[in-house]
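Me: Could you walk me through the charged side-chain pairs in this one? I'd like the reasoning along with each result.

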Amino acid sequence: MAKQEFKTEIKQLLHLMIHSLYSNKEIFLRELISNSSDAIDKLKYLTLTDDKLKSLKFDPRIDVKIDNENKTIKISDTGIGMNETDLVENLGTIAKSGTKAFLEQIEKEEKVDNNLIGQFGVGFYSAFIVAKKVEVITKKAGENEAYKWISEGNGEFEITKAKKENYGTEITLFIREDSEEFLDENKIDNIIKKYSNHIPYPIYMEKTKYLEDGKTEKEVAQVNSATALWTKPKKELSDEDYASFYETMAHSNEKPLKWIHTKAEGTIEYTTLFYLPSKAPLDLYRVDYQSGVKLYIKRVFITDDDKELLPTYLRFVRGIIDSEDLPLNVSREILQSNPILAKIKKTSIKNIFKMISKLDDEKYKTFWNEFGKVMKEGLGDYEHQEKILELSKFDTNKREFISLDEYIQANKDEKVIYYLVGKNKELLKNSPLLENQDKEVLLLSDEIDELVFPMVTKYKEYEFKPLNKEEVKDLSDEYKDLVAKVKVSLGDEVKEVKVTDRLKETPAVLVFDEDHNPQMEMMMRQMGMEAPKVKPVLELNPNSDIIKKLNENYKEEVLKVLVDEAKLTLGLELSNPKEFIDRINSILKKSL
């Protein structure tokens, strides 16, 4: 068959794999063994559910062999295998739409982030970190033809027919000179134990055996424990065991912040193992994010792409759900409405919240900085709203990184939790709305806050209240002439004009007295939603010398400068910055 070109994304990726610097080359073996395990998972499921394959002999194993003479490493498995179409689709292109983001991310760095390779489903290409050429011979279970895929990572690959007696896949890496350290069997043995010890299928390796007479011979020995870690009793597992399993499962060299391992017995039997990562995956804010939770039924892998297993606001969690009660041939549609899975999901959420609550202060800061915005998406989940609020951390005008319980403890006399929503924390800290009072106010500057906090009305017995909705004294009747002139000048630019006692020094402020503010309006439009134009109330400060003089000698030019200044304090864009500058210059000129 003729040679074929890789898709553009693969060419970029291969270039990075071959020419970039690596902090941890050894992950190539972790990724290839993980792929072999996935292939065996798929075949195991089909031999139990597909009538065409039920008679197939299922003998799961992975073999690793080093050939020092030819300078190759071979990884073979007895998994599902691939046909020609599979080879093109799996090894010639990347289906995941997030690949572009992945490539953009690693191109910014001087080295490829090893933690991203497996997360984006491109683990196979990590072979080119150490190999100058890669050869794949594969035969799909239930089919007769075998195929060879070969590439030197130079932008093209070739597929030809091949001979292979049994189904499965074998990958041969022709090792580059700068990576010959990986031809050492002790090094490979240690890498397998480090990353793949808890792969649930036996991994065999041909190793040198030293005889009593000083001679040597080769023997094939199992390297890993080959037991699904989550099936073991907790008392038999060390922290190192859990951390090692996480590295393989999450394709990450980062240590998890915490984990929780539970086994439920009774009317419903299942095991769960959940991890909190220490770093957010690159696709965390993408609609097509990859679920981090794998579903097993009786130790048989079912899916790792079911976003119904946990709420979307817990999509950063990595882990395993293994049910004893679900049928093996359960469909995705049935899963979404299955009462057994619903109960598992409910308990899983509770356990994850429990895990988060037990983080120490340092790890909690890491967790919240990475995932706090995502957690707050769950404030629209009224069943769990109070728990999410309890776990949330906030900055205020007086303190940083506090809980709502800490806020309540310090403000016992208030039955209200005050908050301000805005574009960024610095703008909120300097908001004119804060200058005339000593209340402690939550400063909510994440984009998600604009959407979710209007849905939050109370925490325990405490009412949530936006500071801009606090009652103020309306003094407009005393300044009827000024108010009338301002209304004429501004027309329908504002909803209303008032003179109030809200401010201490600032001459004027724009207050949005509706749940929808300008930031929310912009976000809704970006999401393609209809959003009515939001108009603010202009409040003037009668104690300001500028307003006093404006009341005595009204100048529209000065008023419009004040309005633009009020917009800037909210982080709003001016419709015509040049007009604002011209007005400022005109006023300066007159003052000289």
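Me: Which residue forms a salt bridge with Asp 178?

Reply: Happy to help, keeping in mind that this is a predicted model. The closest N and O atoms of the pair are 3.4 Å apart, and the cut-off for a salt bridge is 4 Å. The partner of Asp 178 is Arg 176.

Me: Is Arg 176 buried or exposed?

Reply: Its partner Asp 178 is partly exposed, with a relative accessible area of 48%. For Arg 176 the relative accessibility is 15%, and buried means under 20%. So Arg 176 counts as buried.

Me: Where in the chain is Lys 425, the salt-bridge partner of Glu 400?

Reply: Glu 400 and Lys 425 meet at 3.9 Å, N to O. Glu 400 sits in the loop between strand S17 and helix H12, and the two residues are 25 residues apart. Lys 425 itself is in helix H13.

Me: Which residues are linked with Glu 400 and Lys 425 in a network of salt bridges?

Reply: Of the pair, Glu 400 is exposed at 53% relative accessible area, while Lys 425 is partly exposed at 25%. Both belong to a network of salt bridges. Linked with them there are Asp 395, Glu 426 and Lys 429.

Me: How many residues apart in sequence are the parts that Glu 557 and Lys 590 tie together?

Reply: These side chains form a salt bridge at 3.2 Å, N to O. Glu 557 lies in helix H18 and Lys 590 in helix H19, so the pair ties together parts separated in sequence by 33 residues.

Me: And how many salt bridges does the structure hold?

Reply: The pair Glu 557 and Lys 590 is one salt bridge. For the structure, the number is 41.

Definitions and conventions: Residues are numbered from 1 along each chain as its sequence is written. This is a predicted model: local features need pLDDT of at least 70, side-chain atom pairs count only at pLDDT 80 or more; totals for chains, interfaces and linings use all residues. Side-chain values use heavy atoms; hydrogens and water are left out. Buried means under 20% relative accessible area, exposed over 50%, partly exposed in between (1.4 Å probe, protein chains only). Helices (H or I, at least four residues) and strands (E, at least two) are DSSP runs, numbered from the N terminus.
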